[in-house]
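Reader: I would like a close look at one part of this model, namely the contacts between charged side chains. Please take me through them carefully, and then place them among the helices and strands around them.

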Amino acid sequence: MTTQDTYHAFMLDYAAGNLAPSLKVAASIHRLMSSCGDEAATLWESVREVLLEDDANPGQQAQDDAAVSAALDIIHMDYEEVRWRRGLSGVRYSNVSSASGQLMRLEPGQNVFAHGHSALEATVILEGALEDGHGSYQQGDILLAIPGVKHRPAALGQCACTCYVARSPRPFWRLT
């Protein structure tokens, strides 16, 4: 479901420091686990530096460092030792308080019911593989589910699929 436009807008927001904390962690995981993610982030950071003519923003650097630290903790986690809880769909979840997101685990062949989102959702594949009816995603890939588009995530292959899932904050009031 991730289009090139959505992907590059997301990575541009990452480089500009415009993502919510959990989404910044998702982008950091993608960057650390994928050469494509690192290339996109590096490209947009270079554009930011040229346009702003100043890459020294201590507040931004502290946020970036915190997101990378949380991302590394998630990447190196032993997913077999995580305290999972079963959701209504049967899929297992675990909150990641340090990253304001959650882990999701689908067993081989398991899927989530078809659904859509009211805000952006970023899912990074940590282990295994996933398909959602729009595409297939491997370890390190990021799936960006945009509002108004339905998908049905399912584990691919003979291994469990573990993902980090982050959502855009949803404002209570919507004026537009």
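Author: Eight salt bridges are present in this structure, which is a predicted model. One of them joins the side chains of arginine 105 and glutamate 80, with an N to O distance of 2.8 Å. Because arginine 105 belongs to strand β3 (residues 101-106) while glutamate 80 sits in the loop between α4 (58-75) and β1 (85-86), this pair ties together parts that are 25 residues apart in sequence. The two partners differ in their cover: arginine 105 has a relative accessible area of 5% and is buried, whereas glutamate 80, at 57%, is exposed.

Arginine 105 also meets the side chain of glutamate 107 in a salt bridge, here at 3.7 Å from N to O. Glutamate 107 is partly exposed, its relative accessible area being 30%.

Another salt bridge is formed by glutamate 121 and arginine 167, whose closest N and O atoms are 3.1 Å apart. This pair links distant parts of the chain, since glutamate 121 is in strand β4 and arginine 167 in strand β9 (residues 161-167), 46 residues apart. Glutamate 121 is buried, with a relative accessible area of 6%, while arginine 167 counts as partly exposed at 32% relative accessibility. Returning to arginine 105 and its partners, Glu80, Arg92, Arg105, Glu107 and Glu127 are joined into one network by salt bridges that share partners.

Strand β4, which holds glutamate 121, leads on to the strands around it. β4 pairs with β7 in the antiparallel sense over four bridges, and within β7 it is leucine 143 that stands opposite threonine 123. β7 is covered on both faces, with Ile142 and Leu144 buried on one side and Leu143 and Ala145 buried on the other.

Both of these strands also take part in the packing of helix α1, whose buried residues lie against α2 (21-33), α3 (35-52), β4 (121-127) and β7 (142-145). The buried residues in question are Thr6, Tyr7, Phe10, Met11, Tyr14 and Ala15. The helix covers residues 4-16, and its 13 residues should span 18 Å at 1.5 Å a residue, which agrees with the 18 Å between its end C-alpha atoms. After α1 comes glycine 17, which has a positive phi, near 80°.

Of the helices that α1 packs against, α2 is mostly covered, ten of its 13 residues being buried; among them are Lys24, His30 and Arg31, alongside Leu23, Val25 and Ile29. For α2, too, the expected span at 1.5 Å a residue is 18 Å, in agreement with the 18 Å that separates its end C-alpha atoms. Helix α3 contains valine 47, which is partly exposed with a relative accessible area of 30%. Together with Leu43, Leu51 and Leu52, Val47 forms a nonpolar patch on the surface, with about 390 Å² of accessible area in total.

There remains an open sheet of three strands, ordered β6-β5-β8 with antiparallel pairing. β6 (136-137) and β8 (154-156) stand at its edges with a single partner strand each, so one side of each is left without a neighbour in the sheet. β5 (residues 129-131) is joined to β8 by three bridges, and leucine 130 stands opposite alanine 155 of β8.

Technical notes: Residues are numbered from 1 along each chain as its sequence is written. This is a predicted model: local features need pLDDT of at least 70, side-chain atom pairs count only at pLDDT 80 or more; totals for chains, interfaces and linings use all residues. Side-chain values use heavy atoms; hydrogens and water are left out. Helices (H or I, at least four residues) and strands (E, at least two) are DSSP runs, numbered from the N terminus. The expected span of a helix is 1.5 Å times one less than its number of residues. Buried means under 20% relative accessible area, exposed over 50%, partly exposed in between (1.4 Å probe, protein chains only). Contact means heavy atoms within 4.5 Å. Two strands pair if DSSP finds at least two bridges between them. Patches are made of residues with over 30% relative accessible area and no salt bridge: like charges are joined within 9 Å, nonpolar side chains (Val, Leu, Ile, Met, Phe, Trp, Tyr) within 5 Å. Accessible areas come from the Shrake-Rupley method with a 1.4 Å probe; for residues, only the protein chains shown count as cover. A salt bridge is a side-chain nitrogen of Lys or Arg within 4 Å of a carboxyl oxygen of Asp or Glu.
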